[in-house]
Amino acid sequence: MGICILFILLMLYSCSDSPHVEEGVATLRLSDAPNRNYQGMKQTDVQVVSLIPLELTEHSILGESCTLIDDSLGRIVLKDIGTVYVFDSKGNYLSSINQRGEGPQQYYNIFDASVDWEAKQIHVFDYPSCRLLTYSIENGSFAQAASWASTEGMLSLGNGNWVVYNTPNDTVPYDLSIYDKDGKRIWGRMRQTENPGNNYQVLRTFYKSNNEVHIYENDTIFRVKKEGGLHPLFCINKGKLTAPTDVLYDIRKKQERNQYIWGESFCFSTRYCFLRFYYDNCIYSDVWDITAGKLCYRNIAHSPADKIGFPTQIKGSTIYVWPTFVKNDTFYCLIDEATTMQLFPKKGEDINPCVLKIDIVPNR
């Protein structure tokens with residue numbers, strides 16, 4: 001079941017349309033030995049920082065698609081497609097935002113969410129209505145809503161600035177823009193492609209690591225600068241396994257994607273990148289040393305029965321984990337209910353996932 005859900009989630013991520021390597025930037029060569037597992041990284045390289053069970057209440061029943069989006073001021077914030085949950089540092093439930101619906105203070109789906117700790121608010125970007133709704137982080141009450149027409153994604157950069165992906169049919173000549181707190185555009189990147197047409201499905205997303213926002217385009221991860229502009233961090237070289245644009249995005253050619261690498265998703269610190277992608281009907285889970293461009297670990301899941309992720313020792317048990325959030329070079333994993341029951345058998349069957357924090361400390 002888990003691997004099937006992951007296949008669906010990977011469909012939501014877009015990847016590059018042509019090989020592209022930034023000069024002077026570290027390169028991860030995915031095309032090297034794509035058909036073999038690599039175990040150069042040891043379980044002992046992973047140091048468990050903390051394991052936090054999340055309290056289960058009638059208002060905090062976490063689903064399988066839940067992800068962690070922030071950990072600041074002693075509060076852990078998670079979201080799924082319909083709800084934002086707030087827990088304290090020990091996993092005790094504090095509050096939630098659950099306003100899914102069609103009313104003026106409600107959203108259809110949570111596409112992106114940002115926390116403003118100074119204002120004690122959570123911003124939810126609703127797609128496809130293209131609205132930004134704001135709620136109190138203390139009790140989930142509605143504060144305000146703003147329309148962002150012709151926008152297919154936005155995320156807070158901090159300091160009141162927002163980064164926005166403009167839709168292909170927008171009248172403005174930009175495909176990526178930065179706005180200040182008053183809604184004034186302070187930077188824009190000229191549109192690079194025309195509207196591809198109705199047969200193409202391109203869903204672009206942002207990545208957040210260490211309170212910075214990143215995008216993945218043309219095989220390169222860029223950091224979005226608060227004042228405007230993009231800074232390249234590292235490149236992905238897929239060689240001949242790069243999917244042509246028409247195969248990657250044309251919904252009529254989904255079956256042809258299997259012969260290419262696609263669906264990349266990232267979680268990275270200043271040194272390590274946890275990279276997951278889809279190739280040849282398998283899920284690849286890679287750990288790379290970005291600074292050296294070196295593959296440290298690779299796991300290939302060929303079927304739903306295969307383990308996905310990286311094995312580590314927790315409370316005497318070997319479990320497979322995969323981070324989706326990073327802060328101060330500490331990676332955060334969300335452990336599913338079944339594994340949490342294994343780790344905390346005294347809690348019984350009614351249990352939420354738990355948050356695992358890990359550091360990577362390679363043995364020299």
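Visitor: Is F142 buried, exposed or partly exposed, and which cut-offs decide?
Guide: Buried means under 20% relative accessible area, exposed means over 50%, and partly exposed is in between. This is a predicted model. F142 has a relative accessible area of 26%, so F142 is partly exposed.

Visitor: Which geometry class fits the rings of Y135 and F142?
Guide: Planes over 60 degrees apart count as edge-to-face. For Y135 and F142 the planes stand at 70 degrees, with ring centres 5.8 Å apart. The pair is therefore edge-to-face.

Visitor: How far apart in sequence are the parts that Y107 and Y135 tie together?
Guide: Y107 is in the loop between strand 6 and strand 7. Y135 belongs to strand 9. Their ring pair therefore ties together parts separated in sequence by 28 residues.

Visitor: Is I290 buried or exposed?
Guide: I290 lies in the loop between strand 21 and strand 22. Its contacts include L28, F234 and F268. The cut-off for buried is under 20% relative accessible area. I290 has 8%, so I290 is buried.

Visitor: Which strand gives the most residues to the largest nonpolar core?
Guide: That core has 24 residues, and F331 and L356 are among those with the most contacts inside it. Elements giving two or more residues include strand 20, strand 26 and strand 27. With 4 residues, the top contributor is strand 27.

Visitor: Which ring does the charged end of K315 sit over?
Guide: A Lys charge sits over a ring if NZ is within 6 Å of the centre and within 35 degrees of the normal. The charged end of K315 is 4.2 Å from the ring centre of F344. The ring is that of F344.

Note on methods:
Residues numbered from 1 in each chain as written. Predicted model: local features only at pLDDT ≥ 70, side-chain atom pairs only at ≥ 80, totals over all residues. Heavy atoms only, no water. Buried < 20%, exposed > 50% of the residue type's maximum accessible area, 1.4 Å probe, protein only. Contact = heavy atoms within 4.5 Å. Core = buried A, V, L, I, M, F, W, Y, C linked by side-chain atoms within 4.5 Å. Phe/Tyr/Trp six-rings, centres within 6.5 Å; stacked < 30°, edge-to-face > 60°. Lists of a residue's contacts leave out its neighbours within four places in sequence.
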